[in-house]
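Trainee: I'd like to learn how to read a structure like this one. Could you walk me through it, feature by feature?

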Amino acid sequence: MRVRAGWGVIGIAAMFAAQHPVLSQGSVSGRVAMQEKPGETTKDFDGTVVYLVSKGAPARVAETKAQMAMNGRQFAPRVRVITTGSTVEYANQDPFSHNIFSTAPGAAFDLGTYGSGVAKSTQFKKAGAYPVYCNIHAQMTAFVVVVSTSHYTQAGADARWKISSVPAGKWEVHVWHERAPEVTQDVDVPVAGLANVDVTLDARGFKQVAHKDKMGKDYTATGVRY
């Protein structure tokens, strides 16, 4: 390509921009509300996952590596969002052993028992929300939410959320929380972005149920060794 003398850097940049237009991108934001049983208040808004799925052609997403540590007989963080095909590393930061597993269809795994300072990982190949447990400590519960989009986030403790760099177009908003049925909502995102996408979840039907160990049996007091 020949460039006329005297064009300068600005003129060349403008010419390339015209040949290769950049999709306009803005942010999509909103707030989550939770319907609770009478007398109960929501204390776990930060466990809410919000993601956007394009109504057009499916987007390709990059595989990444994430971590979910075990610390104080708890998972940290308790909810982790990753893209399809990504890997989660489970690092044992406790001074005793853990055995991390899931029996969820499409994401079943068993990392075996391993001690302090050791980390093991597993790959999640299918989209979905998968519960993860420890076979030694019954109180340990976490969720890995796998999404086939790069546009996702988690709400803050104040129930607000924001997803940046969203191309203008038609999208489907998905809002997930472990205590409520997932809610979806169609939105048309303009060039300037979209605010006040407020969604209400219904947790009134949630019931806490004890999960089974990796063999499908009830946990026993003797089974929790540490």
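Mentor: Sure, and keep in mind that this is a predicted model. Let's begin with a pocket: the second largest one has a volume of about 170 Å³.

Trainee: How does anyone find a pocket in the first place?

Mentor: Rolling a probe the size of a water molecule over the atoms shows where empty space is left. Here, the lining of the second largest pocket includes Asp44, Asp46, Gly47, Arg78 and Val79. Further along the chain, Gln154, His177, Glu178, Arg179, Phe206 and Gln208 also line this pocket.

Trainee: How many residues of each class line the second largest pocket?

Mentor: Five are charged, four are polar and two are nonpolar.

Trainee: And what is the volume of the largest pocket?

Mentor: About 250 Å³. Its lining takes in Arg78, Pro131, Tyr133, Thr141, Phe143 and Glu178, along with the residues Phe206, Lys207, Gln208, Val209, Ala210 and His211. Strands β11 (128-134) and β12 (141-147) are the elements that give two or more residues to this lining. By class, the largest pocket is lined by six nonpolar, three polar and three charged residues.

Trainee: I noticed Asp44 and Arg179 among the residues lining the second largest pocket. How do I read a pair of charged residues?

Mentor: Side chains of opposite charge can pair when their charged atoms come close. In this structure there are eight salt bridges. One of them joins Asp44 and Arg179, at 2.9 Å from N to O.

Trainee: Why does the pair of Asp44 and Arg179 tie together parts that are apart in sequence?

Mentor: Look at where each one sits. Asp44 is in the loop between β1 and β2 (49-54), while Arg179 is in the loop between β15 (169-177) and β16 (180-189), so their contact ties together parts 135 residues apart in sequence.

Trainee: Is Arg179 buried or exposed?

Mentor: Arg179 counts as buried because its relative accessibility is 14%, and the cut-off for buried is under 20%. Asp44, at 21%, counts as partly exposed.

Trainee: Which residues do salt bridges with shared partners join into one network?

Mentor: Glu36, Asp44 and Arg179. Now try another pair: Asp110 and Lys214 form a salt bridge, with their closest N and O atoms 3.0 Å apart. This pair links distant parts of the chain, since Asp110 belongs to strand β9 (residues 109-114) and Lys214 to the segment after β17, 104 residues apart. Both residues count as partly exposed, Asp110 at 44% relative accessibility and Lys214 at 28%.

Trainee: What about a pair that sits on two strands?

Mentor: Take Lys170 and Asp188, whose side chains meet in a salt bridge at 3.3 Å, N to O. Lys170 is in strand β15 and Asp188 in strand β16, so this bridge ties together parts 18 residues apart in sequence. Lys170 counts as exposed, with 53% relative accessibility.

Trainee: Last topic: sheets. In what order do the strands of the open sheet run?

Mentor: Three strands form this sheet, in the order β14-β1-β17, and their pairing is mixed. At the edges are β14 (160-167) and β17 (199-202), each pairing on one side only. On average, neighbouring strands of this sheet are turned by 30 degrees against each other, direction ignored.

Trainee: In what sense do β1 and β14 pair?

Mentor: Antiparallel, over six bridges, with β1 covering residues 25-35. To spot this on screen, find Gly26, which stands opposite Val166 in β14.

How values were computed
Residues numbered from 1 in each chain as written. Predicted model: local features only at pLDDT ≥ 70, side-chain atom pairs only at ≥ 80, totals over all residues. Heavy atoms only, no water. Pairing = 2+ DSSP bridges. Helix = DSSP H or I, 4+ residues; strand = E, 2+ residues; numbered from the N terminus. Axes fitted to C-alpha atoms, helices over the stretch in contact; angles between N-to-C directions. 1 Å grid on protein atoms, 1.4 Å probe; cavity = no way out; pocket = protein on both sides within 12 Å on 5 of 7 lines; lining within 4 Å. Points joined across faces, edges and corners; volume = space filled by probe spheres on them. Nonpolar A, V, L, I, M, F, W, Y, C, P; charged D, E, K, R; others polar. Salt bridge = Lys/Arg side-chain N within 4 Å of Asp/Glu carboxyl O. Buried < 20%, exposed > 50% of the residue type's maximum accessible area, 1.4 Å probe, protein only.
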